[in-house]
Amino acid sequence: MNDKLALPVGTTLDRFIMRKQEDFPFATGELSQLLRDIALAGKIVNREINRAGLLNVTGAHGQQNVQGEEQQKLDVIANIRFIRALRNGGEVCTIISEEEDGIIQTGNTKGKYVVAIDPLDGSSNIDVNVSIGTIFSIYRRISEVGQDGTEEDCLQLGTRQVAAGYIIYGSSTMMVYTTGCGVNGFTYEPSLGEFFLSHPDIRTPKTGAIYSINEGNLNSFSDGIKNYLRYCQDNNYSARYIGSLVADFHRNLLKGGVYLYPATKKSPNGKLRLMYECNTLAFIIEQAGGKATDGNRRIMELTPKELHQRCPLVIGSPDMVDKVEEFLRAEDLAAESIVKAANDVLQ
Ligand code: AHM
Ligand code: MG
């Protein structure tokens, strides 16, 4: 008999979540249900993305989101699908979404959890059949159960995430998530409508030879970043940049590499959002043995002040992130010594 046929049936996402819950004797099952709600909405969005060209849902929606970026029709559809799933599920009291200005109250005042979500990331790639993704973080609320969640519930440190994950809609669709006990990846089997465990206990390589950055912004990078890029070229690293954070992150997570979105003249705090892009991927990469910083400080320890706060991001294989930081520190030291020399001359 074919060896593959002799294998036991694969582990579905539902079964995996259930088994993990059994490890915690006092777990109520609400977080498990919440993860299942997200996976279900992900399947629906996956279906809409696959049929996008046929359903006339590609292209711009005609409005801008809170960040002043043009919304695509699928951005809006994904936002509706995820919010509806979280509202119907009942475990979530409050949501922050990239697509909405303020916090969203689900009406589930008994819900213990808060979700921060980018429903469809990489939307400039929607119309051209390139991988896009959903990114989500889950926090336990701090306010009393029985009322709406508060902004304080939504603005917690990244270190307080109870779960984080992404769904990548690519050549195959995958959900990758962590609850703080390692990272696991599940591949969607469309004919069965199930996610199956395909990448158990993902560990990112300690180092790699891929760097991912929008080099078109070169002229507006700091000297430290420019010098690091020269180092990558001198060492024959490969430049790989899709422009979809989830896809760039996922490739580097598996193969080893570093992704950078530093400050630019146009975006002095970087482009990516702390609450539903940087913190989420920071939790995942750390759980996989990698690192995430803003070039200096650990992402998950940055104090969030605004729902849609941006921050620079350097994330990936630990040795590569360390190397970037080394270049940035060297730039700071050079700047300090210039200031010192100037002061000495003036005295
Ligand atoms: P989005 O959330 O509006 O889709 O923007 C985030 C995206 C990331 O997926 C990607 O890494 C980055 O923006 C690309 O930006 P740029 O086009 O400036 O390189
Ligand atoms: Mg995004």
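1. In this predicted model, a polar side-chain atom of E277 is placed 3.2 Å from an oxygen atom of ligand 1. Two further residues make contacts of this kind. For D121, the separation between a polar side-chain atom and an oxygen atom of ligand 1 is 2.6 Å. For Y241, an N or O atom of the side chain is 2.5 Å from an oxygen atom of ligand 1.

2. The wider surroundings of ligand 1 comprise 16 residues. The closest of these are D121, Y241, L245, Y259 and Y261.

3. E277 and D121 also belong to the metal site. The magnesium ion (ligand 2) has four protein donors listed: E98 (OE), D118 (OD), D121 (OD) and E277 (OE). They lie 1.9 to 2.7 Å from the ion. Along the chain, the donors of the magnesium ion follow the spacing E-x19-D-x2-D-x155-E. The pair E98 and E277 joins distant parts of the chain, being 179 residues apart. E98 is in the loop between β3 (92-97) and β4 (104-105), while E277 is in helix α9 (residues 274-287).

4. Are these two glutamates, E98 and E277, buried or exposed? E98 has a relative accessible area of 5% and is therefore buried, since the limit for that class is under 20%. E277 is likewise counted as buried, because its relative accessibility is 0%.

5. The helix that carries E277 deserves a comment of its own. Twelve of the 14 residues of α9 are buried, so this helix is largely enclosed by the rest of the structure. Among the buried residues of α9 are L274, M275, Y276, E277, C278 and N279; the list also includes T280, L281, A282, F283, I284 and I285. After α9 comes G289, which has a positive phi near 95 degrees.

6. The second largest pocket holds about 320 Å³ of space. Its lining consists of 17 residues, of which F24, A27, L31, S32 and T179 are the closest to the centre of the pocket. Two elements, α2 (13-22) and α3 (30-50), give two or more residues each to this lining. The largest share, four residues, is that of α3. By residue type, the lining of the second largest pocket divides into eight nonpolar, five polar and four charged residues.

7. Two asparagines merit a check of their backbone geometry. N129 is a residue other than glycine, yet its phi is positive, near 60 degrees. The residue is placed in the loop between β5 (113-121) and β6 (132-140). With a relative accessibility of 79%, N129 counts as exposed.

8. The second case is N236, again not a glycine, with a positive phi of about 55 degrees. The loop between α7 (223-234) and β12 (238-239) contains N236. This residue is exposed as well, its relative accessible area being 67%.

9. Where is G158 found? G158 occupies a position in the loop between α6 (151-154) and β7 (161-169). Although in a loop, G158 is buried, with a relative accessible area of 1%. G158 and I138 are 20 residues apart along the chain, and their C-alpha atoms are separated by 9.8 Å.

Technical notes
Residues numbered from 1 in each chain as written. Chains lettered and ligands numbered in written order. Predicted model: local features only at pLDDT ≥ 70, side-chain atom pairs only at ≥ 80, totals over all residues. Heavy atoms only, no water. 1 Å grid on protein atoms, 1.4 Å probe; cavity = no way out; pocket = protein on both sides within 12 Å on 5 of 7 lines; lining within 4 Å. Points joined across faces, edges and corners; volume = space filled by probe spheres on them. Nonpolar A, V, L, I, M, F, W, Y, C, P; charged D, E, K, R; others polar. Donors = N, O, S within 2.8 Å, 3.2 Å for Na, K, Ca; no water. Buried < 20%, exposed > 50% of the residue type's maximum accessible area, 1.4 Å probe, protein only. Near = heavy atom within 4 Å. Polar contact = N/O pair within 3.5 Å; in protein donor to acceptor, adjacent residues only side chain to side chain.
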